Amino acid sequence: MFTNQNQIAQGLVEYALILVLVAIVVMGVLTLLGPQIGNIFSQLMEPSYCGNCICGTSICN
């Protein structure tokens with residue numbers, strides 16, 4: 001595959017640069033979409049009320 005140490009080092013540096021680029025892209029996407037995703041999860045975890053009872057349960061006020 002590789003014939004000398006320089007080529008091995010070059011391959012490792014290329015992989016490291018790709019990983020850093022992917023990490024930067026993921027962090028950017030999470031920064032932009034993080035609050036929206038958080039709102040969706042908080043709405044899913046919030047109990048919804050149908051009349052006097054919490055929907056899907058037998059818990060009533």
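**Exercise 1.** How many helices and strands make up the secondary structure of the chain?

*Solution.* Start by keeping in mind that this is a predicted model. Counting elements gives one helix and two strands. Now walk along the sequence: the order reads α-β-β.

**Exercise 2.** Find out which elements have the highest and the lowest mean pLDDT.

*Solution.* First get the baseline: the chain averages 81, with 70% of the residues at 70 or above. Then go element by element. Helix α1, residues 5-45, comes out on top with a mean of 89, while strand β1, residues 49-50, sits at the bottom with 63.

**Exercise 3.** Trace α1 and describe its N-terminal end and its bend.

*Solution.* Begin at the cap: Asn4 puts a side-chain oxygen 3.1 Å from the backbone nitrogen of Asn6. Carry on to Leu33, where α1 bends by about 55 degrees. Pro35 follows within four residues of that spot.

**Exercise 4.** Work out how much of the chain is buried and what it exposes.

*Solution.* Take burial as under 20% relative accessible area; 3% of the 61 residues then qualify. Next, the surface: the chain exposes about 5,600 Å², and carbon and sulfur atoms supply 69% of that area.

Notes
Residues numbered from 1 in each chain as written. Predicted model: local features only at pLDDT ≥ 70, side-chain atom pairs only at ≥ 80, totals over all residues. Heavy atoms only, no water. Buried < 20%, exposed > 50% of the residue type's maximum accessible area, 1.4 Å probe, protein only. Areas by Shrake-Rupley, 256 points an atom, 1.4 Å probe, with all protein chains shown as cover. pLDDT = per-residue confidence, 0-100. Bend = angle between axes of the 7 residues up to and from the residue. Polar contact = N/O pair within 3.5 Å; in protein donor to acceptor, adjacent residues only side chain to side chain.
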